[in-house]
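Here's a short set of exercises to work through with the viewer open. Try each task before you read its solution.

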Amino acid sequence: MVGNFIADTVKGKALENYDADIQKGILLHRFIDSFTDSHEITLQSRERLYGHFGKYAAVVQDVFYDHFLAMNWSQYHKVDLDEYTRFIYLTLDDYRSVFNERAERTFHFMQMQNWLGSYATREGIDRALSGLSKRASFPSNMDESLPALEEHGDDISTDFEVFFPDLIFATQAKLAEINS
């Protein structure tokens, strides 16, 4: 879990600076990103969003998928989303000593604003995408996400429902490989 969380802040060979279990989490995160980025269904979702967000369609698609996961959490996990997010925050807090500066800053805001729980609401994803829009290098329109969600939400929700079981299966296979 810790490696998965810090993975986006760990570049290249810096992976070797972490213990074996955290390395596994980083590798799993990289696999999930790669699998997701190349899956035909996620590419279809991004195409739906491209007219609104251009090259940032992938970011918006990712947040929309997080929204549909949070909204339908009980279909995928037996622990309530609020209870699970508390567990995640407590666990990550126990490992703050391994966070680099960027991971520490991200965790601070993630916990303070309850990103994981807030993805279940449209307001939460609007807030998340508005924040990402402020940090984007180019005009992104991510702060105007709700109209796109209204327009394409049903189709993207269906895309997510098709994609997510594929991701679960692929992730379980990758975990077995990493742990062997």
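The exercises below go from the overall fold down to single residues; keep in mind that the model is predicted.

**Exercise 1. The fold at a glance**

Work out how many helices and strands the chain has, and in what order they come along the sequence.

*Solution.* Start with the count: ten helices, zero strands. Reading along the sequence then gives α-α-α-α-α-α-α-α-α-α.

**Exercise 2. Overall dimensions**

Compare the radius of gyration of the chain with what a compact globule of 180 residues would have.

*Solution.* Step one is the expectation: for 180 residues, a compact globule would come out near 16 Å. Step two is the chain itself, which has 16 Å, so the two agree. For a second view, take the principal axes: the C-alpha atoms fill a box of roughly 45 × 35 × 30 Å.

Now look at the packing. Of the 180 residues, 41% are buried. Among contacts with a separation of 6 or more, 63% are between residues 24 or more positions apart.

**Exercise 3. Surface and charge**

Describe what the chain exposes and how its charges are placed.

*Solution.* The exposed area is about 10400 Å², and carbon and sulfur atoms supply 52% of it. For the charges, count 17 positive and 29 negative; their mean positions lie 6 Å apart.

**Exercise 4. Rings that bridge the sequence**

Find out how many aromatic pairs there are, then classify Phe5 with Phe99 and Tyr65 with Phe163.

*Solution.* Know what to look for first: a ring pair is described by the distance of the centres and the angle of the planes. The count comes to twelve aromatic pairs.

Take Phe5 and Phe99. Their ring centres are 5.3 Å apart and the planes meet at 45 degrees; an angle under 30 degrees would be stacked and one over 60 edge-to-face, so this pair is tilted. Next, place the partners: Phe5 sits in helix H1 (residues 2-6), and Phe99 in the loop between helix H6 (81-94) and helix H7 (101-112), so the pair ties together parts that are 94 residues apart in sequence. Both Phe5 and Phe99 are buried.

Tyr65 and Phe163 are tilted too, with 5.6 Å centre to centre and 40 degrees between the planes. Here the link runs from helix H4 (residues 57-71), home of Tyr65, to helix H10 (residues 145-179), home of Phe163, and the partners are 98 residues apart. Check the burial: Tyr65 has a relative accessible area of 4%, so it is buried, and Phe163 is buried at 2%.

To finish, trace the ring pairs outwards from Tyr65 and Phe163. They belong to a cluster that also takes in Phe31, Phe35, Tyr76, Phe160 and Phe164.

**Exercise 5. Neighbours in helix H4**

Decide whether Gln61 and Asp62 are buried, partly exposed or exposed.

*Solution.* Both residues belong to helix H4: Gln61 and Asp62. Buried means under 20% relative accessible area, so Gln61, at 1%, is buried. Asp62, at 39%, falls between 20% and 50%, so it is partly exposed.

What does Gln61 touch, leaving out residues up to four places away in sequence? The list is Thr42, Ser45, Arg46 and Leu49. His108, on the other hand, is 47 residues from Gln61 in sequence and 24 Å away, C-alpha to C-alpha.

**Exercise 6. Unusual backbone angles**

Which sign does phi have in Asn114 and Asn141, and where do these residues lie?

*Solution.* Recall the background: most residues other than glycine have a negative phi. Asn114 has a positive phi, near 50 degrees, and Asn141 has a positive one of about 65 degrees.

Both lie in loops. Asn114 is between H7 and helix H8 (115-118), and Asn141 is between helix H9 (122-135) and H10. Asn114 is partly exposed at 28% relative accessibility, and so is Asn141 at 44%.

One more step: which residue of helix H3 (residues 40-53) touches Asn141? That's His52, partly exposed at 25%. Leaving out residues up to four places away in sequence, His52 also touches Ser140, Ala148, Glu151 and His152.

Technical notes
Residues numbered from 1 in each chain as written. Predicted model: local features only at pLDDT ≥ 70, side-chain atom pairs only at ≥ 80, totals over all residues. Heavy atoms only, no water. Helix = DSSP H or I, 4+ residues; strand = E, 2+ residues; numbered from the N terminus. Rg over C-alpha atoms; globule rule 2.2 N^0.38 Å. Buried < 20%, exposed > 50% of the residue type's maximum accessible area, 1.4 Å probe, protein only. Contact = heavy atoms within 4.5 Å. Areas by Shrake-Rupley, 256 points an atom, 1.4 Å probe, with all protein chains shown as cover. Lys, Arg positive; Asp, Glu negative; His and termini not counted. Charge placed at Lys NZ, Arg CZ, Asp CG, Glu CD. Phe/Tyr/Trp six-rings, centres within 6.5 Å; stacked < 30°, edge-to-face > 60°.
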